[in-house]
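Dear colleague,

Please find the structure below, as agreed. My notes on it come after the coordinates.

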Amino acid sequence: MVACLAAALQHVSRVLAYSRRTDSKQLLLLLEMKRPYTKTNADLIAAMLRGSWRLFPPEPEISAGELTTVGPLLRGSGAGALGWWGIRGNKLNEPATASDLFHAYRFHAINACLYQLKIKQAFSLLRSISVEPILIKGWANARLYPEVGLRPYSDVDLCVRPDQYGAAEAVLKTPVGLNCRVDLHKGLGRLDERSWDYFHARSRLVGLDEIDVRVLSPEDHIHIISFHMLEDGAWRPILLCDVAAAVEAASSTFDWDACLGKNKCRAKWIASWIGLAHPLLGARVELCSHRIRRQKLPNWLIPAVRRH
């Protein structure tokens with residue numbers, strides 16, 4: 001602290017000396033050039049979450065003091081566990097600075113186990129009345145992280161055929177169904193206007209312990225979570241981590257045209273969100289289509305997301 005004050009006083013002395021022999025415009029230029037850069041909250045959050053969805057994320061370039069500042073912001077946005085994951089193997093993982101992030105990680109890991117039970121129970125309940133749901137968001141995002149507890153969620157989003165919605169709603173209102181904490185959607189609801197048959201035909205089954213859970217195809221998954229982030233206002237940084245994790249999980253046979261869809265307006269936004277994950281969080285987009293990598297982000301987009 002003393003050294004910083006001494007440096008600041010020395011700089012002020014040089015500026016005052018210079019001001020006696022120069023005009024005001026040159027003086028303002030000098031002050032602007034010498035002004036030290038202070039990291040914003042957005043800088044700190046981006047540094048902590050950069051590559052955090054990977055098994056071995058890069059070490060965040062922040063100090064212990066900055067970690068103290070950013071920790072509550074991460075926890076408040078649901079990214080506390082991811083914050084701890086990024087520092088778990090380095091010098092920042094000290095009780096004085098990282099204990100709250102570790103507690104978030106532990107809490108979400110336990111909660112993930114509870115919600116996996118709810119998912120299995122909900123699928124069994126709906127299948128008992130011949131309703132085959134598709135799970136979106138939540139666990140569909142979490143399963144793409146190294147550990148499902150890194151990506152918290154607070155309900156089970158299930159989509160059903162529109163003509164089966166009434167029967168599904170009724171069984172989920174039973175005591176057993178209410179315990180599943182299902183957010184039920186008629187088709188894909190407001191997230192997409194395409195037909196149920198389109199999404200169901202492209203969906204796939206993935207294992208969750210002893211049962212198979214139906215989820216969207218990888219292409220439709222990215223399409224839906226990108227549009228959800230737009231609808232949500234992109235205020236939660238973990239939503240951009242979801243997009244980054246899904247993009248990096250895409251295989252060599254991934255159909256990027258199917259992901260973007262035929263609606264040109266939606267396709268532009270989805271390409272922008274994918275593109276946004278690269279400069280802000282370091283997402284690897286080398287395998288994305290040229291259509292996405294050439295997408296020019298609106299000039300206001302990055303500043304707007306950083307403000308949120």
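What follows goes through the overall make-up, the cores, the pockets, one helix and a few single residues.

Please bear in mind that this is a predicted model.

Overall

The chain holds 16 helices and five strands. Of its 308 residues, 47% are buried. If one takes the contacts between residues at least 6 apart in sequence, 71% of them join residues at least 24 apart.

Nonpolar cores

The largest nonpolar core has 55 residues, and the members that touch the most others in it are Trp256 and Ile274. Beyond its neighbours within four places in sequence, Ile274 is in contact with Ile222, Val243, Val247, Trp256, Val285, Cys288 and Ile292. There is also a second, separate core, with 25 residues, among them Tyr115, Ile119, Phe123 and Ala140.

One of the contacts of Ile274 is Ile222, a residue of helix H11. Ile222 has a relative accessibility of 0% and therefore counts as buried, the limit being under 20%. With neighbours within four places in sequence again left aside, the contacts of Ile222 are Ala246, Val247, Phe254, Cys259 and Ile274. Val247 thus appears in the contact lists of both Ile222 and Ile274. Ile222 can also be placed relative to Leu260: the two are 38 residues apart in sequence, and their C-alpha atoms are 8.7 Å apart.

Pockets

The largest pocket has a volume of about 390 Å³. Its lining consists of 20 residues, and those nearest the centre are Ile45, Pro237, Val305, Arg306 and His308. Four helices supply at least two lining residues each: H3 (41-49), H12 (237-249), H14 (264-281) and H16 (301-307). H3 gives the most, five residues. Sorted by class, the lining of the largest pocket has 14 nonpolar, three polar and three charged residues.

The second largest pocket encloses about 310 Å³ of space. It is lined by 17 residues, with Arg151, Pro152, Tyr153, Ser154 and Arg236 nearest its centre. Helix H7 (138-142), helix H11 (218-232) and H12 are the elements that give two or more residues to this lining. H12 has the largest share, three residues. By class, the lining of the second largest pocket has five nonpolar, six polar and six charged residues. H12 is named for both pockets, giving at least two residues to the lining of the largest and three to that of the second largest.

Helix H8

Which residues of helix H8 (165-172) are buried? They are Ala168, Val171 and Leu172. These residues span an arc of only 100° around the axis, so they are on the same side of H8. The elements they pack against are helix H6 (95-127), strand E2 (156-160), helix H9 (175-178) and strand E3 (182-186).

Arg161 is in the loop that runs between E2 and H8. It is partly exposed, as its relative accessible area is 30%. Apart from neighbours within four places in sequence, Arg161 is in contact with Trp196 and Asp197. Arg161 and Leu188 are 27 residues apart in sequence, with 8.9 Å between their C-alpha atoms.

Positive phi

Most residues other than glycine have a negative phi. Two residues to look at in this respect are Lys137 and Asp209, and neither is a glycine.

Lys137 has a phi near 55°, a positive value. It sits in the loop between strand E1 (134-136) and H7. Is Lys137 buried or exposed? With a relative accessible area of 12%, Lys137 falls under the 20% limit and so is buried.

Asp209 likewise has a positive phi, near 55°. Its place is the loop between strand E4 (204-208) and strand E5 (211-215). Asp209 has a relative accessible area of 58%, which is over 50%, so this residue counts as exposed. Of these two loop residues, then, Lys137 is buried and Asp209 is exposed.

Regards

Key. Residues numbered from 1 in each chain as written. Predicted model: local features only at pLDDT ≥ 70, side-chain atom pairs only at ≥ 80, totals over all residues. Heavy atoms only, no water. Buried < 20%, exposed > 50% of the residue type's maximum accessible area, 1.4 Å probe, protein only. Arc of directions from axis to C-beta. Contact = heavy atoms within 4.5 Å. 1 Å grid on protein atoms, 1.4 Å probe; cavity = no way out; pocket = protein on both sides within 12 Å on 5 of 7 lines; lining within 4 Å. Points joined across faces, edges and corners; volume = space filled by probe spheres on them. Nonpolar A, V, L, I, M, F, W, Y, C, P; charged D, E, K, R; others polar. Core = buried A, V, L, I, M, F, W, Y, C linked by side-chain atoms within 4.5 Å.
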